[in-house]
Amino acid sequence: MPETSVESRVNVWCLPLLRRLEKGATATESAASSDSAESALENMAATLSPEERAIAASFGSGERRNSYIAAHALLRSILARITGVSPNELVFRYGARGKPELASPLHDWQFNMSHSRDMVLVAVAHGRRVGVDIEHLDEPGDVRRIAARFLSPRDRDAIEQMPAERQRYAFLRCWTRKEAYMKARGDGVSRPLDDFEVTLAADAAPAQFKVTGDETERDRWQLADVPAPRGFLAAVAVEGQSFEVVQHSAWSVDA
Amino acid sequence: MERQTLVNLMVALLQPLLDDQNEGQNVKATQTLSLVGDGAALTSMRLVSFIADLETTLATDHGLSVTLVSERALSRQKSPFRNIDALADFVLELIATEKGAPAA
């Protein structure tokens, strides 16, 4: 029986990627802990699909390739443990805007992944869509300009009413909640960010409170912040009600 | 606006963002480079920065007012932001609609 078979559980992992490489940890059942980072990476790459390996190869030989391989191998390792299928036998299909899903007959298992710098965030649920986002507080970008262009007036006002030193944090809190929701739906950046609003006040639980044009949408989704290491903000969006977010801070072949 | 002019503009706006994100890795802004989905070349924050840059440049340098992130974009079966080629087609369509003429 998969460890996360309870349908009311949404399992979330927030893990460092490069530390896994440094320790020689791998996503395969057979790797030894003393493997070098490069051989660990090769073992991880062996669990990916030909399409994923091609994407990794297109990144050259730097950190971007390594992060891609480690993140996708970790994702496959988690999904393999949950579904009971070998990592390299998992088949993904992709939505029109690129959201990956497990192909039939495992398609009831829903997942989503985000990574920022060294951290990867993965959520897995059964029978309900999920989306995640993790961002570093130092993520480059003119947040005032992006907020002015893309957020709703209410979101902007909520951010601008905060002390200046809190505005970047508030923007990224807003961003992670919104992106998690858009990723859960599979909309990507095509969805106008001012089309829906989220709570931002420090004393308010993360939630959507307005979605333009669809009154039922607000009640269809729940948002939750995910505890993340210092310097990162993370959120998860989950479809439906009555679920528990269970966060895991470790993953190994024996987890 | 000529398509190649638009493509050149987008490449010029995209390249600094790629350089910033992929320091020392020489990732080139090409017309088919993936901008969304698995293996996207940009973080989402940089992608919206690119979109904002493009809207601003089209307005200030070319007198063209277009809103790229919209219900129209959302209604597309495939994301118009998936690469520069697709985005160029989408922008030209928006410009043509704005002017009341069919896209070139």
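Guide: Before we look at any helix pair, one definition is needed: two residues are in contact if their C-beta atoms, placed from the backbone, lie within 7 Å. Please also keep in mind that what stands above is a predicted model.

Visitor: With that in hand, which residues of α2(A) meet which residues of α4(A)?

Guide: On the side of α2(A) they are A:Leu41, A:Met44 and A:Ala45, and these meet A:Asn66, A:Ile69, A:Ala70 and A:Ala73 in α4(A). Sorted by class, this contact has 6 nonpolar residues and 1 polar residue, with no charged residues.

Visitor: How should I describe the way two such helices lie?

Guide: Two packed helices are described by the angle between their axes and the distance between the axes. In chain A, the axes of α2 (residues 37-45) and α4 (residues 63-83) come within 9 Å and cross at roughly 55 degrees, which makes α2(A) oblique to α4(A). The crossing of these two helices is left-handed.

Visitor: What is the handedness of the crossing of α1(B) and α4(B), and at what angle do their axes cross?

Guide: The crossing of α1(B) and α4(B) is right-handed, and the axes of α1 (residues 3-21) and α4 (residues 84-99) of chain B, which come within 10 Å, cross at roughly 125 degrees. These two helices are therefore oblique to each other. From α1(B) the contact takes B:Arg3, B:Leu6, B:Val7, B:Met10 and B:Val11, while α4(B) gives B:Ile84, B:Leu87, B:Ala88, B:Val91 and B:Leu92. Of the residues in this contact, 9 are nonpolar, none is polar and 1 is charged.

Visitor: In what order do the strands of the open sheet in chain A lie?

Guide: The 4 strands are arranged as β4-β5-β1-β11, with mixed pairing. At the edges stand β4 (109-116) and β11 (244-248) of chain A, each of which pairs on one side only. Neighbouring strands of this sheet are turned by 15 degrees against each other on average, direction ignored. Within the sheet, β1 (residues 9-16) and β5 (residues 119-126) of chain A run antiparallel and are joined by 6 bridges, and A:Pro16 stands opposite A:Met119 in β5(A).

Visitor: How many residues of each chain are in contact across the two chains?

Guide: Here 25 residues of chain B are in contact with 24 residues of chain A. On the chain B side, the elements that give two or more residues are α2 (44-62) and α3 (71-74), and α2(B) provides the largest share, 7 residues. By class, that side of chain B has 9 nonpolar, 10 polar and 6 charged residues.

Notes
Residues numbered from 1 in each chain as written. Chains lettered and ligands numbered in written order. Predicted model: local features only at pLDDT ≥ 70, side-chain atom pairs only at ≥ 80, totals over all residues. Pairing = 2+ DSSP bridges. Axes fitted to C-alpha atoms, helices over the stretch in contact; angles between N-to-C directions. Nonpolar A, V, L, I, M, F, W, Y, C, P; charged D, E, K, R; others polar. Parallel < 35°, antiparallel > 145°, perpendicular 65-115°, else oblique. Left-handed = near helix turned anticlockwise from the far one by under 90°.
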